[in-house]
Amino acid sequence: MNSAAAGQTHSPKEYVDSGVGDQDRLVRLWAPFRSAYISSIPGGNKRKADPFLAAPEESDEDALIIARGETVYALLNLYPYNAGHLMVVPYRKVAELEELTDEETAELMSFAKLAVRTLKRVSRPEAINVGLNLGKASGGSVGDHLHLHVVPRWAGDSNFMTVIDGTKVLPQLLRETRALLAEGWGEIVREDGA
């Protein structure tokens, strides 16, 4: 049982680094609960160590896959920054951008463009972030399997709930978001093919 549940309270100073070493200007906040997130893999025992290898083995609905290509696929992020936060992932496990084949690179960028077009059609964001976290230290939770993030943004999407309370409010369930984006993606593909 944690101390908060036992009725004990801790001062925020207990979670601030004041330990051994040379004094510097950085304040280090200890958040030991994050280690469970970093070391765990969603989906329990049936998931492989790499969730991006396991996802394509499941149904689109269960894996939150929006679209499948020949060398890459698009799926929703299980831990979204905003509703509609999706990722484009190569089927092949590859960590470095320069290790992608020309075909994987071309389809990755094609899917990124389709993801942006789909989000603009379905969600009408004010802006969109597109980017890669290459390597574990860059902030990605799966550092050894390259994936491209596509995140819709709106003014004020980091509001007081996120800043003060550490809580993210999302307007719909992931399965509902996946269904809307998959439908919008399919419409665009059909229009482009016509």
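The following questions and answers go through a predicted model of a protein.

Residues are numbered from 1 along each chain as its sequence is written. In this predicted model, local features need pLDDT of at least 70, side-chain atom pairs count only at pLDDT 80 or more, totals for chains, interfaces and linings use all residues, and side-chain values use heavy atoms, with hydrogens and water left out.

Student: In what order do the elements of the protein run from the N terminus on?

Tutor: Helices (H or I, at least four residues) and strands (E, at least two) are DSSP runs, numbered from the N terminus. The protein has six helices and five strands. From the N terminus on, their order is α-α-α-β-β-β-α-β-β-α-α.

Student: Which residues does UniProt list for "binding site"?

Tutor: The listing comes from an unreviewed UniProt entry. UniProt positions are given in the numbering used here, feature names are shortened, and annotations may be inferred rather than shown by experiment. The residues listed are Asn 77, Gly 139, Gly 140, Ser 141, Val 142 and His 149.

Student: Is Gly 139 buried or exposed?

Tutor: Gly 139 lies in the loop between β4 (127-132) and β5 (148-153). Buried means under 20% relative accessible area, exposed over 50%, and partly exposed in between (1.4 Å probe, protein chains only). Because its relative accessible area is 54%, Gly 139 is exposed.

Student: Is His 149 buried or exposed?

Tutor: His 149 is found in strand β5. Contact means heavy atoms within 4.5 Å, and among the residues that His 149 touches, not counting residues up to four places away in sequence, are Asn 77, His 85 and Asn 129. Its relative accessibility is 13%, so His 149 counts as buried.

Student: Which element gives the largest share of the largest nonpolar core?

Tutor: A nonpolar core is a set of buried Ala, Val, Leu, Ile, Met, Phe, Trp, Tyr and Cys residues joined through side-chain atoms within 4.5 Å. The largest one has 24 residues, and Ile 66, Leu 86, Val 88, Leu 108, Phe 111, Val 150 and Trp 185 touch the most other members. Two or more residues each come from β1 (65-68), β2 (72-76), β3 (86-90), α4 (102-122), β5 and α6 (174-193). The largest share, seven residues, comes from α4.

Student: How many residues are in the other core, which lies apart from it?

Tutor: In soluble globular proteins, nonpolar side chains tend to be buried together. Among the members of this other core are Phe 52, Ala 63, Ile 65 and Val 89. The number of residues in it is nine.
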